[in-house]
Amino acid sequence: MLKKSIRNPFGILLLVTLVVVLGLHRPAPAQVADQTVPGANVAIALPFNADTDSTTLLPTDLSQSDAPYDDSRVVIGADDRQPVLTREFPWVAMGRLEWQIQGEAISTCTATLIGPSAILTNSHCLVLPLQDGSGDLVDTFIEPGDYRGLIADNADLRLKLIFKPSLIEGIALDESEIVSYEAGWSTNYMADKDDWAVLRLADALGDYYGYMGWRNLDFDDPDVLDASSERINLLGYAGDFPTDNLREFGLPSETAGVDQACSILGIWHTDDELNDTLIHDCDTNPGASGGPIFALFNDDNYYLVGLHARSTPLSDWVRLPNGVETHVVNGGVKVSRWEAAAYRSR
């Protein structure tokens, strides 16, 4: 059974390590962060490696768009997320993952098509509150081998795990039930670096909506960090988005939000549970778990470069290398941790 907060409060030790490893600085109390966001989706000029990378599928009857919305509205303030209002590629290949009872969502995450009938999300999205021997509800990770039995045992509740691609204002044109999955926690239980899951759909939605390939980039390489700086996207169905001032686009988690010009800051190298995970500064909140970290490359294709997994609060404010001040560091899962399972899913 699982009892774990996805937000990991490491306090002062985490803060000190971040300052040393990533070159972060404590800001003076009176200073205000520069929240200016540069132009979004500038192509990353890094070569495709056929040995480690995988191609993206854009169906011939779909067009590709760099803009997730089709008007001139912008968000004012520190929140750089924009509502995703288009069903063009790549946005149409991303959607909301739901645990449902009686047809109603009881918990949600974000997921991305990575094959004709496969999606990518987090292992912790496969957690449900189940009764233990004493009747108490305990957060429990559903092992892949137990999934079908759990669904069958709760047939009267119509318990299902459902993927809805391109959910906009609470409406999706299709949905598909998950029939099986492979999860990183099956082999390295509860490790943040393996907080990934590849889920098999009952239907080949990827043939209609396309699916994302991936680039296995070395984010320990300063040249890679420089080439991709402020050119990273993160999409998620966060529980606080659309925000109150964007209520015209639906209730929270009914429309995805995307930060289009953020950065991966490096790889965490320590002996704690954050070891070998990505560190990024993209805007996100709970519900965006499993969200794709992706970018446009100079072959005019979008590729995944990581998988969002968690947010870690700090005990103090720090200034990131791009000048933004924060008291939270966001983390994700490297492509190398899940690409083998992704290849098997195709």
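# Briefing: pairs, bonds and cores in one chain

Let's start with a single residue: Asp-194 has a relative accessibility of just 6%, so it counts as buried, the cut-off being under 20%. Please keep in mind as you explore that this is a predicted model. The chain has 346 residues, and 53% of them are buried. The points below move from the overall fold to salt bridges, disulfides, one serine and the nonpolar cores.

**The chain as a whole**

- Five helices and 17 strands make up the list of helices and strands in this chain.
- If you take the contacts with a separation of 6 or more, 71% of them are between residues 24 or more positions apart.
- The accessible surface of the chain is about 14400 Å², and carbon and sulfur atoms account for 51% of that area.

**Salt bridges**

- Some background first: side chains of opposite charge can pair when their charged atoms come close.
- In this structure there are eight salt bridges.
- Our starting residue takes part in one of them: the side chain of Asp-194 meets that of Arg-337, with 3.1 Å from N to O. This pair links distant parts of the chain, since Arg-337 belongs to helix H5 (residues 335-345) and Asp-194 to the loop between E8 and E9, 143 residues apart.
- Arg-337 has a relative accessible area of 26%, so this residue is partly exposed, whereas Asp-194 is buried.
- The side chains of Arg-215 and Asp-299 form a salt bridge too, at 3.5 Å from N to O. Arg-215 sits in the loop between strand E10 (213-214) and helix H4 (222-228), and Asp-299 in the loop between strand E15 (292-296) and E16, so parts of the chain that are 84 residues apart in sequence are tied together.
- How accessible are these two partners? Arg-215 is buried at 1% relative accessibility, while Asp-299 is partly exposed at 35%.
- Salt bridges can also share partners: Asp-194, Asp-276, Lys-334 and Arg-337 are joined into one network in this way.
- Another pair to look for is Asp-192 with Arg-310, whose side chains meet in a salt bridge of 3.5 Å, N to O. Asp-192 is in the loop between strand E8 (176-183) and strand E9 (197-201), and Arg-310 is in strand E16 (residues 302-319); the two are 118 residues apart, so the pair links distant parts of the chain.
- Asp-192 is buried at 5% relative accessibility, and Arg-310 is buried at 5% as well.

**Disulfides**

- A reminder from chemistry: a disulfide is a covalent bond between the sulfur atoms of two cysteines.
- The chain holds two disulfides, and their pattern is 1-2, 3-4 when bonded cysteines are counted along the chain.
- One joins Cys-109 and Cys-125, with 2.1 Å between the sulfur atoms. Its link is left-handed, with -95 degrees about the S-S bond. Cys-109 lies in strand E3 and Cys-125 in the loop between E4 and strand E5 (127-131), so the bond ties together parts 16 residues apart in sequence.
- Cys-109 is buried with a relative accessible area of 8%, and Cys-125 is buried with 4%.
- The other joins Cys-262 and Cys-282, with sulfur atoms 2.0 Å apart. The torsion about this S-S bond is about 80 degrees, so the disulfide is right-handed. Cys-262 is in strand E12 (residues 257-262) and Cys-282 in the loop between strand E14 (278-280) and E15, so the pair ties together parts 20 residues apart in sequence.
- Both Cys-262 and Cys-282 are buried.

**A serine in a loop**

- Ser-117 is found in the loop between strand E3 (104-115) and strand E4 (118-121), and it is buried at 12% relative accessibility.
- Which side chain does the side chain of Ser-117 make a polar contact with? The partner is the side chain of Arg-200, at 2.7 Å.
- Beyond its neighbours within four places in sequence, Ser-117 is in contact with Leu-199, Arg-200, Leu-201, Asp-203 and Ala-204.

**Nonpolar cores**

- In soluble globular proteins, nonpolar side chains tend to be buried together.
- The largest nonpolar core has 57 residues, and Leu-97, Ile-178 and Trp-338 touch the most other members.
- Trp-338, neighbours within four places in sequence aside, is in contact with Leu-120, Trp-196, Trp-214, Leu-304, Gly-306, Leu-307 and Val-333.
- Another core of 18 residues lies apart from the largest one, and its members include Leu-217, Ala-227, Leu-278 and Cys-282.

How values were computed: Residues are numbered from 1 along each chain as its sequence is written. This is a predicted model: local features need pLDDT of at least 70, side-chain atom pairs count only at pLDDT 80 or more; totals for chains, interfaces and linings use all residues. Side-chain values use heavy atoms; hydrogens and water are left out. A nonpolar core is a set of buried Ala, Val, Leu, Ile, Met, Phe, Trp, Tyr and Cys residues joined through side-chain atoms within 4.5 Å. Buried means under 20% relative accessible area, exposed over 50%, partly exposed in between (1.4 Å probe, protein chains only). Contact means heavy atoms within 4.5 Å. Helices (H or I, at least four residues) and strands (E, at least two) are DSSP runs, numbered from the N terminus. A polar contact is a pair of N or O atoms within 3.5 Å; within protein, one must be able to donate a hydrogen and the other to accept it, and residues adjacent in sequence count only if both atoms are side-chain atoms. A salt bridge is a side-chain nitrogen of Lys or Arg within 4 Å of a carboxyl oxygen of Asp or Glu. Accessible areas come from the Shrake-Rupley method with a 1.4 Å probe; for residues, only the protein chains shown count as cover. A disulfide is a pair of cysteine sulfur atoms within 2.5 Å.
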